[in-house]
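Dear colleague,

I am passing on a structure that you have not worked with before, and I would be glad if you could look through it alongside the notes that follow. The notes are about charged side chains and the places where they pair.

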Amino acid sequence: MAAQTEESDCGREQTKAEQDVDQVRRRAARDQQRLDSGAVTSPKDLENLQREITSLAKRQGDLEDVVLEVMERRESVQERVGELTGRVASVQERIDDATGRRDAAVGEIDGEAASVTKERGVIAATVPADLLRLYDKLREQQGGVGAAKLHQRTCQGCRQELAITELAEVRSAAPDTVLRCENCHRILVRTADSGL
Ligand SMILES: [Zn+2]
């Protein structure tokens, strides 16, 4: 935006400089016309006129240099505007691409969440109400994990190995007994790899 502003400032500067050149050129042409017409006869007036024409020619040359300088500056600013515009377009393209991928990922996650929620509902319906209440309460207290696998004598919820006495209790418990980790209080789930 700054480069575009600079470019339009240069444009205005160029117009102004060209108008200055025009003004001087018209005045010189008028003087030349008067000189050529023969209407001015006094030697002093003729000399003055001649002098003015010479001075206007020099002034016109200086002003034309100004126009050229402004044009050069404008050209380099235009180049910069072009380069920056290209970069903006490429960044925008990357934003669009990332936005598209994000939206697709969100859609996928939403779909996955809906299907997992549905699955959980089906499984939760088979769990006795009081056990489900206990599980939900523990889950809330224990950072989202209410039940943990007992893997090689270690609670996978708190990563603590069970004490010998605790292990003995687990070994002797009936298969449908709800066991809890003594350390983190999570429900312990026995598997073939529990190391019992
Ligand atoms: Zn534990």
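Glu83 and Arg87 both belong to helix H2, where four residues, or about one turn of the helix, lie between one position and the other. In this model, which is predicted, their side chains form a salt bridge with an N to O distance of 3.4 Å. Glu83 is partly exposed, because its relative accessibility is 42% and the partly exposed range runs between 20% and 50%.

A similar arrangement can be described for Asp62 and Lys58, whose side chains meet in a salt bridge at 3.0 Å, N to O. These two residues are also four apart in helix H2, which covers residues 43-124, so about one helical turn separates Asp62 from Lys58. Asp62 counts as partly exposed at 36% relative accessibility, whereas Lys58, at 54%, counts as exposed.

Arg102 and Asp103 are a further pair, with their side chains joined in a salt bridge of 3.0 Å, again given from N to O. Of these two, Asp103 has a relative accessibility of 44% and is therefore counted as partly exposed. Beyond such pairs, Glu13, Glu69 and Arg73 are linked into one network by salt bridges that share partners.

How many salt bridges does the structure hold? The count is 15, and the pairs described above, including Glu83 with Arg87 and Asp62 with Lys58, may serve as a starting point for your own reading.

With best regards

Note on methods: Residues are numbered from 1 along each chain as its sequence is written. This is a predicted model: local features need pLDDT of at least 70, side-chain atom pairs count only at pLDDT 80 or more; totals for chains, interfaces and linings use all residues. Side-chain values use heavy atoms; hydrogens and water are left out. A salt bridge is a side-chain nitrogen of Lys or Arg within 4 Å of a carboxyl oxygen of Asp or Glu. Buried means under 20% relative accessible area, exposed over 50%, partly exposed in between (1.4 Å probe, protein chains only).
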